[in-house]
Amino acid sequence: MEKTYQRMVLAAGLAVAVGMVGCAAMQETDKSGEEALTLMKKDFKSRGQATVDRLNQDDVQALCTKYSGDAALPPEEARRVEAAQMAHVKYPADGKLLGDWKAGEKVAQAGNGMQWSDNPSKPGGGNCYACHELTKAELSFGTIGPSLYHFGRNRGFTAESQKYAYGKVYNSEAFAACSSMPRFGAHGILTEQQIKDVVALLMDPHSPVNQ
Ligand code: HEC
């Protein structure tokens, strides 16, 4: 969602900004981005839980839109974003990070949730396979993100790796500023239990991810 929007704004921005350099190009992109946003706000309609205010970018999204394309995010800005996002990662109060990998596999496969046609009172999915390979049984998967096959085996079945996996799924930006991976916990896309289940899928030695 976030990235699609960034791309749309960028595409509109590029049409105007092409051929310009440095600061001038950045200002043009900002300006045409605003124009694109005004257009979208005019044409898009709220429907069910999918409301038009989703077009409003938070600070990180705005920053990442500004630096998408040729203007690379300066490393010190990236570290600042990651530290600020890390402060929002909520680890489970009971200290347990591993749920049930079988439930996690269902979450990884499910692409529903957050859409106007979805029932907001029903749990949504993580759609992990849209971007990642996870198991060998699933033949269809996207490659926007790296393969997560053998994730636990490769990283080691340690408490530290569990913590990283939980934090990464909770808030991808805490570990990679301007990541195109959704912030599942931070944006309430997945519940704490669902994240635990997905972490078990990645980290349980018996999960098909680690066979
Ligand atoms: C829209 C695409 C997208 C979706 C959906 C997505 N990811 Fe990602 N993911 C990425 C990208 C891109 C990266 C690499 C960049 C980064 O680290 O943020 C990544 C990185 C990761 C990493 C870090 C890998 C490593 O070796 O450090 C983990 C773990 C991960 N994703 C788990 C998940 C899980 C679990 C789900 C489903 C709940 C999921 N992702 C859904 C795009 C996605």
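Modeller: A residue is near a molecule if one of its heavy atoms lies within 4 Å of it. Keep that cut-off in mind. This model is predicted.

Biologist: How many residues surround the ligand, and which are the closest?

Modeller: The ligand is surrounded by 22 residues. C128, C131, H132, Y164 and M181 are the closest.

Biologist: Where do the residues of the shell come from?

Modeller: Three helices each supply at least two of them: α6 (151-155), α7 (159-170) and α8 (192-203). With 3 residues, α7 gives the largest share.

Biologist: What kinds of residue make up the shell?

Modeller: There are 14 nonpolar, 6 polar and 2 charged residues.

Biologist: What makes the approach of Y164 to the ligand a polar contact?

Modeller: The pair must be N or O atoms within 3.5 Å. A polar side-chain atom of Y164 is 2.5 Å from an oxygen atom of the ligand. That value is within the cut-off, so the pair counts.

Biologist: How far is the side chain of R155 from the ligand?

Modeller: An N or O atom in the R155 side chain lies 2.8 Å from a ligand oxygen. Again the limit is 3.5 Å, so this is a polar contact.

Biologist: Let us turn to the rings. How many aromatic pairs does the structure hold?

Modeller: It holds 4.

Biologist: Why is the pair of Y164 and F175 called edge-to-face?

Modeller: Look at the distance first. The ring centres are 5.1 Å apart, and rings pair if their centres lie within 6.5 Å. Now the angle. The planes stand at 85°, and over 60 degrees counts as edge-to-face. So the name fits.

Biologist: What does this pair tie together?

Modeller: Y164 lies in helix α7, and F175 in the loop between α7 and α8. The pair therefore joins parts that are 11 residues apart in sequence.

Biologist: How do you know that Y164 is partly exposed?

Modeller: Its relative accessibility is 25%. Buried means under 20%, exposed means over 50%, and partly exposed is in between. So Y164 is partly exposed. F175, at 27%, is partly exposed as well.

Biologist: Why is the pair of Y166 and Y170 called stacked?

Modeller: The centres are 6.3 Å apart, and the planes meet at 20°. The distance is within 6.5 Å and the angle is under 30 degrees, so the pair is stacked.

Biologist: Where do Y166 and Y170 lie?

Modeller: Both are in helix α7, 4 residues apart. That is about one turn of the helix.

Biologist: Are Y166 and Y170 buried or exposed?

Modeller: Both are buried. Ring pairs also link them with Y91 into a cluster.

Biologist: Now S179. Where is S179 placed?

Modeller: S179 is in the loop between α7 and α8.

Biologist: Why is S179 called buried?

Modeller: The relative accessible area of S179 is 17%. The limit for buried is under 20%, so S179 qualifies.

Biologist: Which residues does S179 touch, leaving out those up to four places away in sequence?

Modeller: S179 touches K168, S172 and E173. A polar side-chain atom of S179 also lies 2.6 Å from an oxygen atom of the ligand.

Biologist: One last look at the whole chain. How many helices and strands are there?

Modeller: The chain has 8 helices and 0 strands. Of its 211 residues, 41% count as buried.

Definitions and conventions
Residues numbered from 1 in each chain as written. Predicted model: local features only at pLDDT ≥ 70, side-chain atom pairs only at ≥ 80, totals over all residues. Heavy atoms only, no water. Helix = DSSP H or I, 4+ residues; strand = E, 2+ residues; numbered from the N terminus. Buried < 20%, exposed > 50% of the residue type's maximum accessible area, 1.4 Å probe, protein only. Polar contact = N/O pair within 3.5 Å; in protein donor to acceptor, adjacent residues only side chain to side chain. Nonpolar A, V, L, I, M, F, W, Y, C, P; charged D, E, K, R; others polar. Phe/Tyr/Trp six-rings, centres within 6.5 Å; stacked < 30°, edge-to-face > 60°. Contact = heavy atoms within 4.5 Å.
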